[in-house]
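Here are a few notes to read beside the structure, set out point by point for someone meeting it now. Keep the view open and turn to each residue as it comes up.

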Amino acid sequence: MSQLFYGSINYDALLNAIKTGKVKTFKSTSGVRLVNINVWVNDQPDKFDNDASIQVQLKDEFRTEKGDYIGNLRKHIKNEPQAVDAEIVKDPFTGEDDDLPF
């Protein structure tokens, strides 16, 4: 089953990492400029409840150095529908009982 992760990338950190010239980038055949990244999925959420981190991938000659972390991700947890008691539900606008059978 697929999983949804959501989060953000720190644009300033990404831009600064690219400017160092150490980050692995390339241009696709259609002319789109791309940055290679690594995504680290944690076994347990970190102290900020992040389930994954995004790190830039460095060029081969800089592999011994640590790449910059540019973002974090959290796993989306689907909210389950809440059960409603069988009691008569009052209309939130009028406060009257709803006597409809459904």
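**Notes on the model**

1. Let us start with an acid on the outside. Asp-60 has a relative accessible area of 52%, so Asp-60 counts as exposed, the cut-off being over 50%. Please keep in mind from here on that this is a predicted model.

2. Asp-60 has two salt-bridge partners worth finding. One of them is Arg-63, with the closest N and O atoms 3.2 Å apart. Like Asp-60, Arg-63 is exposed. Another is Lys-24, where the closest N and O atoms are 3.7 Å apart. Because Lys-24 lies in the loop between α1 and β2 while Asp-60 lies in the loop between β5 and β6, this pair ties together parts that are 36 residues apart in sequence. Lys-24 itself is partly exposed, at 23% relative accessibility.

3. What do these shared partners add up to? Salt bridges with partners in common join Lys-24, Asp-60 and Arg-63 into one network. The structure holds three salt bridges, and the one still to visit is between the side chains of Glu-65 and Lys-22, which meet at 2.8 Å, N to O. This pair also links distant parts of the chain: Glu-65 sits in the loop between β5 and β6 (69-75), Lys-22 in the loop between α1 (11-19) and β2, and the two are 43 residues apart. Both ends are partly exposed, Glu-65 at 36% relative accessibility and Lys-22 with a relative accessible area of 27%.

4. It helps now to step back to the whole chain. The protein has 102 residues, and 15% of them count as buried. Its secondary structure comes to one helix and six strands, arranged along the sequence as β-α-β-β-β-β-β. Taking contacts between residues at least 6 apart in sequence, 42% join residues at least 24 apart. The exposed surface is about 8,900 Å², with carbon and sulfur atoms supplying 52% of it.

5. The two ends of the helix each have a detail to look at. Where α1 starts, a side-chain oxygen of Asn-10 comes within 3.1 Å of the backbone nitrogen of Asp-12. After α1 comes Gly-21, which has a positive phi, near 80°.

6. Next, a nonpolar spot on the surface. Phe-26, Val-32 and Leu-34 make a nonpolar surface patch of about 230 Å². Phe-26 belongs to strand β2 (residues 25-27) and is partly exposed, with a relative accessible area of 39%.

7. The loop between β4 and β5 deserves a slower look, and Asp-51 is found there. Which side chain of opposite charge is nearest to Asp-51? It is Lys-75, 6.0 Å away, and Asp-51 is buried yet has no salt bridge. For a salt bridge, the nitrogen and the carboxyl oxygen must be within 4 Å, so a distance of 6.0 Å does not qualify. Asp-51 does meet Lys-75 in another way: a polar atom of the Asp-51 side chain lies 2.7 Å from the backbone nitrogen of Lys-75. Beyond residues up to four places away in sequence, Asp-51 touches a list of residues including Phe-5, Trp-40, Val-41 and Leu-73.

8. Asn-50 is in that loop too, between β4 (37-41) and β5 (52-56). Is Asn-50 buried or exposed? With a relative accessible area of 8%, Asn-50 is buried, because the limit for that label is under 20%. The side chain of Asn-50 makes a polar contact of 3.4 Å with the side chain of Arg-74. Setting aside residues up to four places away in sequence, Asn-50 touches Asn-42, Pro-45, Asn-72, Leu-73 and Arg-74. Asp-51 likewise has Asn-42, Pro-45, Leu-73 and Arg-74 among the residues it touches.

9. Finally, return to the loop between β5 and β6 for Lys-66. Lys-66 is exposed, with a relative accessible area of 66%. Outside its neighbours within four places in sequence, Lys-66 is in contact with Gln-55 and Leu-58. Lys-66 and Gln-55 are eleven residues apart in sequence, and their C-alpha atoms are 9.3 Å apart in space.

Conventions:
Residues are numbered from 1 along each chain as its sequence is written. This is a predicted model: local features need pLDDT of at least 70, side-chain atom pairs count only at pLDDT 80 or more; totals for chains, interfaces and linings use all residues. Side-chain values use heavy atoms; hydrogens and water are left out. Patches are made of residues with over 30% relative accessible area and no salt bridge: like charges are joined within 9 Å, nonpolar side chains (Val, Leu, Ile, Met, Phe, Trp, Tyr) within 5 Å. Accessible areas come from the Shrake-Rupley method with a 1.4 Å probe; for residues, only the protein chains shown count as cover. Helices (H or I, at least four residues) and strands (E, at least two) are DSSP runs, numbered from the N terminus. Buried means under 20% relative accessible area, exposed over 50%, partly exposed in between (1.4 Å probe, protein chains only). Contact means heavy atoms within 4.5 Å. A polar contact is a pair of N or O atoms within 3.5 Å; within protein, one must be able to donate a hydrogen and the other to accept it, and residues adjacent in sequence count only if both atoms are side-chain atoms. Lys and Arg count as positive and Asp and Glu as negative; His and the chain ends are not counted.
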